[in-house]
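Okay, everyone, thanks for coming. Let me put the structure up, and then I'll walk you through one corner of it.

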Amino acid sequence: CIEERNDTLWKTVEELDEIDQIIIKGFSQDISDINLSKQLGISQPAVHKRRIISFAILKEKLKNIDLWL
């Protein structure tokens, strides 16, 4: 069921560090790296790098529960 997958996805996101959660949630809401950098008080390149790492971590966690498509 799509709703169950969605719930599992966001519960998994909540297991990540707070900054990773903010970046992933921001990405899902189409918030730019520039705006996220202002919100977080870090540079845009730092947000971009952290986003790549955050999604890699999320992907690994989701693979472990067979949710990654």
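**Asp33 and the helices around it**

Let's start with one residue, Asp33. Leaving aside residues up to four places away in sequence, Asp33 touches Gln44, Val47, His48 and Arg51. Before I go on, keep in mind that this is a predicted model.

So where does Asp33 sit? You'll find Asp33 in helix H3. And is Asp33 buried or exposed? Asp33 has a relative accessible area of 12%, and because buried means under 20%, Asp33 counts as buried.

Now look just before that helix, at Asp30, in the loop between H2 and H3. Asp30 is on the exposed side of the cut-off, because its relative accessibility is 72% and exposed means over 50%. Check its backbone too: phi of Asp30 is near 60°, which is a positive value in a residue other than glycine.

Back to the contact. From H3, the residues Asp33, Ile34, Leu36, Ser37 and Leu40 meet Gln44, Val47, His48 and Arg51 in H4. Sort the residues of this contact by kind, and you get four nonpolar, three polar and two charged. How do the two helices pack? The angle between H3 and H4 is about 105°, and their axes are 8 Å apart. An angle from 65 to 115 degrees counts as roughly perpendicular, so that is how H3 and H4 are arranged.

Next up, H4 itself, which runs over residues 44-64. Here's a quick check you can do at home: at 1.5 Å a residue, the 21 residues of H4 should span 30 Å, and the end C-alpha atoms are 30 Å apart, so the two agree.

Which residues of H4 are buried? Those are Val47, Arg51, Ser54, Leu58 and Leu62. Looking down the axis of H4, you see its buried residues within an arc of 70°, so they line one face of the helix. Here's the general idea behind that: an α-helix has 3.6 residues a turn, so residues three or four places apart point the same way.

What covers that buried side? The cover over the buried residues of H4 includes helix H1 (2-13), helix H2 (18-28) and helix H3 (33-40). Turn to the face of H4 pointing away from its buried side, and you meet the exposed residues Pro45, Lys49 and Asn64.

One last stop: after H4 comes Asp66, with a positive phi near 55°. That's my tour, so over to you for questions.

Methods
Residues are numbered from 1 along each chain as its sequence is written. This is a predicted model: local features need pLDDT of at least 70, side-chain atom pairs count only at pLDDT 80 or more; totals for chains, interfaces and linings use all residues. Side-chain values use heavy atoms; hydrogens and water are left out. Helices (H or I, at least four residues) and strands (E, at least two) are DSSP runs, numbered from the N terminus. The expected span of a helix is 1.5 Å times one less than its number of residues. Buried means under 20% relative accessible area, exposed over 50%, partly exposed in between (1.4 Å probe, protein chains only). The arc is that of the directions from the helix axis to the C-beta atoms. Contact means heavy atoms within 4.5 Å. Axes are lines fitted to C-alpha atoms, for helices over the stretch in contact, and angles run from 0 to 180 degrees between N-to-C directions. Angles under 35 degrees count as roughly parallel, over 145 as roughly antiparallel, 65 to 115 as roughly perpendicular and the rest as oblique. Ala, Val, Leu, Ile, Met, Phe, Trp, Tyr, Cys and Pro count as nonpolar, Asp, Glu, Lys and Arg as charged, and the others, Gly among them, as polar.
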